[in-house]
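Please open the model in your viewer and show the backbone as a cartoon, with side chains ready to be switched on as the tour proceeds.

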Amino acid sequence: MKCHTSEIDIETLFNRIQSDELNLQPDFQRGEVWSDTKKKKLIDSILRGWKIPPIHVIQTSDFKEEVLDGQQRLVAIRDYMENKYPIDGGIVPLSVELQILDKLYFSELPNEIQRRFKRYTINLVTLTDYLPAEPAELFFRLNQPTKLTSAEQRNAFIGKPRDQVKALSKKFEELGANKESIGFSNSRMAYDEIISKLCYSIENKNISRKITSNLMSDQYRSDIPFSDKTTKTVGEILTLFLNSVNQIYDFKIMFSKASVYSWMLFIKKNNITSEKLAELISLFEFSRAFVRSGTENGILYSELSEKYSSLKNEYPFYEVMLNIYNQRASMGSTDGSSIVIRDFILNTFNKMLFNKNDNSLKDFIFEIKKRSNLSEAIDESIRKNEWGENF
């Protein structure tokens, strides 16, 4: 199969579509599936002069062309030139020129901008001399479903917040974070995801508000850096967390992103030594893993098992509390209410282990007895203490 690359302007492409020389919907294509929002973003990119991906076409035996890859882009261009939707001048990053053109259809554009739009060139890859299976194989390779994670998408925002997070992520790995030590690697930028949300939570002094991808993207897009105090604090948290994890030998812990994030929030809130933190992490993670599996896995009679049994006898709600944590940990690291509940449980566990006479622990136990429902007692304690606010 031969692949010939050329540049072609939009006006020529539009004319070929109109005259049926270029078939937008051969049998293997998906149909017209782009939303107007996505179409408007493509038109916005063209009007800004940004380069869009190439179009791949197959030259047929009668010298017509069928679109192999790029159907949705060409449909978006055709529909705009046929006045089926207007420009959206509110797409970020904002452009003064495009704000002026907001809500204008193609026929309403000034002549100069119409000409500029029609003369915009796109790379066109034309396939000839192909075996029957080759175009389909290329189509498959071009369209393999690889959904970018939120962190991978934000990595495209070149600027100070991204650089700060990448530096902290690198430090985390240098300190020893890897699949062997914490249960997952930085594949798909998992560490960047945790660290960026930790920076955001500390900077905004709140963990109860849901951290959406849009909020994080706005932070990156603004190019306003996190404060030096925040990045210094996060660096200290990463160090203390890994120093503590590296002291744990009696139980192999497989953390998730949600659990790592919660332990880091715990470290931010508590002044604790690495030795005590290691004891806390190992017992809590052992306990919730045992409750989750419900089996005696050979580690049952260890020192951790004895401590687990002791806490279970002293606090009858202990297992139910662990189950609630497990349930909330499965909801990921972005859900605001789950983050707050996990944070409350970790801080309660800390008092159960190291500070049994703490008044807030006594108040919580009183709420449990009054309500006979642990979830309701947790919710009420969180409400009364405004947990997660003023973090």
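What covers the buried residues of H12? The model is a predicted one, and the cover of these residues includes helix H8 (160-174), helix H9 (179-182), helix H10 (190-204), H13 and helix H14 (274-293).

**Stop one: helix H12**

Select residues 228-245, which form helix H12. With 18 residues at 1.5 Å a residue, H12 should span 26 Å, and because its end C-alpha atoms are 26 Å apart, the model agrees with that expectation. Now display the side chains of the buried residues in H12, which are Thr230, Thr231, Thr233, Val234, Gly235, Ile237, Leu238, Leu240, Phe241, Leu242, Ser244 and Val245.

**Stop two: from H12 to H13**

Keep H12 in view and add helix H13, residues 257-269. H12 and H13 pack with their axes 10 Å apart and at an angle of about 110 degrees, which means that H12 is roughly perpendicular to H13. The crossing of H12 past H13 is right-handed. To see the contact, select Thr233, Ile237, Leu238, Leu240 and Phe241 on H12, together with Val260, Trp263, Met264, Ile267 and Lys268 on H13. Sorted by class, this contact has 8 nonpolar residues, 1 polar and 1 charged.

**Stop three: from H13 to H17**

Next, hide H12 and bring in helix H17, residues 336-354, which packs against H13 at an angle of about 60 degrees, the two axes being 10 Å apart. H13 and H17 are therefore oblique to each other, and H13 passes H17 in a crossing that is right-handed. On the H13 side, the contact is made by Ala258, Tyr261, Ser262, Trp263, Leu265, Phe266 and Lys269, while H17 contributes Ile339, Arg342, Asp343, Leu346, Asn347 and Asn350. By class, the residues in this contact of H13 with H17 are 7 nonpolar, 3 polar and 3 charged. Trp263 is worth selecting by itself, since this residue of H13 takes part in the contact with H12 and in the contact with H17.

**Stop four: H10 and H11**

Finally, return to H10, one of the elements covering the buried residues of H12, and add helix H11, residues 213-222. How are H10 and H11 oriented to each other? Their axes lie 11 Å apart at an angle of about 85 degrees, so H10 and H11 are roughly perpendicular to each other. Select Ser196, Lys197 and Tyr200 in H10, and then Leu215, Met216, Gln219 and Tyr220 in H11, which they meet. The classes in this contact of H10 with H11 are 4 nonpolar, 2 polar and 1 charged.

Terms used
Residues are numbered from 1 along each chain as its sequence is written. This is a predicted model: local features need pLDDT of at least 70, side-chain atom pairs count only at pLDDT 80 or more; totals for chains, interfaces and linings use all residues. Side-chain values use heavy atoms; hydrogens and water are left out. Axes are lines fitted to C-alpha atoms, for helices over the stretch in contact, and angles run from 0 to 180 degrees between N-to-C directions. Helices (H or I, at least four residues) and strands (E, at least two) are DSSP runs, numbered from the N terminus. Angles under 35 degrees count as roughly parallel, over 145 as roughly antiparallel, 65 to 115 as roughly perpendicular and the rest as oblique. A crossing is left-handed if the near helix is turned anticlockwise from the far one by less than a right angle, and right-handed if clockwise. Contact means heavy atoms within 4.5 Å. Ala, Val, Leu, Ile, Met, Phe, Trp, Tyr, Cys and Pro count as nonpolar, Asp, Glu, Lys and Arg as charged, and the others, Gly among them, as polar. The expected span of a helix is 1.5 Å times one less than its number of residues. Buried means under 20% relative accessible area, exposed over 50%, partly exposed in between (1.4 Å probe, protein chains only).
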